[in-house]
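Good morning, and thank you for making time on the agenda. Please take a moment with the sequence and the model before I begin.

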Amino acid sequence: MPTRPGARPGARAARAARAAALAGALTACAALAGCGGGSQAAAPGSPDAKTSRSSSPTTTSAPGTPPPAEGLPLAGRTIVVDPGHNPGNFQHSREINQKVDIGTHRKECDTTGTATAADYTEAAFTLDVSHRLRDLLKAQGAKVVLTHDADRPFGPCIDERARIGNSARADAVVSVHADGSATGNRGFHVIVPAQVSSGAADTTKIVGPSRDLGEDIARHFARATGTAPANYLGEGTGLDVRDDLGGLNLSTVPKVFVECGNMRDSKDAALLTNAAWRQKAAQGIADGIGTYLKG
């Protein structure tokens, strides 16, 4: 969950058709009875609430042999998946509080993220969803790069996260998060970059493509999970434009953040701690990326 000041979304007349499709899907979702509810939460310490690779989809290839990418829909594409925060950040407050340059100003290297009332952490959630998303994308032939896999003591810092996507020349980068807003604030949203040109930051070339990516993910996320867009920002669009996030400001490739729900609301927390719902969340993000990349 990145900290958030206000930011203004920009109108995109050229994308009217995409916006209409997005609005239709979100309206349909909001009409569902109990939209965003109905799944029983797993206990944070249970297998369902932990990162699990064993539940990932399997392939028909021989053990240890990756399936051939040729002919698969995302063959030749590189996607960077950025699990928000790091489980080790809690033990490295001094390091993650060091400020880095994000173009517009200096900001903390990273944060610990948020957690549910039962202490299921955002870092655990994002890593689990990122693993599921990676497996779904690889099954479609994509090359998937994780910015981290809890394989380092803390971080990476937000500027390094951006550099990983840039160095990979990614076709798309998705940073997976969950929000930590007030109780009663529910739903998902996708954060897209604002127009920024300051210091090391220049989002001029990625604003449009990132908006397209964000709209596609928002539409498919609503469809896959049955949850509604956030009721506390974005005016029901499921989109939020920000100019204060180093991961977006410093990106030179299309990139968005997906806030899958609000961990501080009990109803959203019941979804976020449920393994079956997390698989749906990963599927929705994967479907949105696939739609974006297929044009």
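Which residue in S5 is the bridge partner of Ile-79? The partner is Ala-172. I should say at once that this is a predicted model.

Let me place that bridge in its context. Ile-79 belongs to strand S1, residues 78-83, and S1 pairs with strand S5, residues 172-179, in the parallel sense over five bridges. S1 is also joined to S4, again in a parallel arrangement, by four bridges. In that second pairing, Thr-78 has Lys-143 of S4 as its bridge partner.

How many of the six residues of S1 are buried? Six of the six are, so the strand is largely enclosed by the rest of the structure. In a regular strand, the side chains alternate between the two faces of the sheet. For S1, both faces are covered. Thr-78, Val-80 and Asp-82 are buried on one side, and Ile-79, Val-81 and Pro-83 are buried on the other.

I turn now to the nonpolar core. Nonpolar side chains in soluble globular proteins tend to be buried together. The largest nonpolar core here has 42 residues, and Leu-137, Ile-285 and Ile-289 touch the most other members. Helix H8, residues 275-293, contributes the largest share of this core, with eight residues. Leaving aside residues up to four places away in sequence, Leu-137 touches Leu-74, Ile-79, Val-81, Ala-142, Val-144, Ala-286 and Ile-289. Two of the residues in that list, Ile-79 and Val-81, are ones we have just met on a buried side of S1.

Next, the cysteines. The disulfide count comes to one. Cys-109 and Cys-157 form the link, with their sulfur atoms 2.1 Å apart. The angle about the S-S bond is -95 degrees, and the link is left-handed. What does the pair tie together? Cys-109 lies in the loop between strand S3 (106-108) and helix H3 (122-139), and Cys-157 lies in the loop between strand S4 (143-146) and helix H4 (158-167), so the disulfide connects parts that are 48 residues apart in sequence. Both Cys-109 and Cys-157 are buried. Cys-260 also counts as buried, because its relative accessibility is 3%, under the 20% cut-off.

Finally, the chain as a whole. The protein has eight helices and ten strands, and buried residues make up 55% of its 295 residues. Among contacts with a separation of 6 or more, 83% are between residues 24 or more positions apart. The protein exposes about 12400 Å², of which carbon and sulfur atoms supply 52%.

Key. Residues are numbered from 1 along each chain as its sequence is written. This is a predicted model: local features need pLDDT of at least 70, side-chain atom pairs count only at pLDDT 80 or more; totals for chains, interfaces and linings use all residues. Side-chain values use heavy atoms; hydrogens and water are left out. Helices (H or I, at least four residues) and strands (E, at least two) are DSSP runs, numbered from the N terminus. Buried means under 20% relative accessible area, exposed over 50%, partly exposed in between (1.4 Å probe, protein chains only). Contact means heavy atoms within 4.5 Å. Accessible areas come from the Shrake-Rupley method with a 1.4 Å probe; for residues, only the protein chains shown count as cover. A disulfide is a pair of cysteine sulfur atoms within 2.5 Å. A nonpolar core is a set of buried Ala, Val, Leu, Ile, Met, Phe, Trp, Tyr and Cys residues joined through side-chain atoms within 4.5 Å. Two strands pair if DSSP finds at least two bridges between them.
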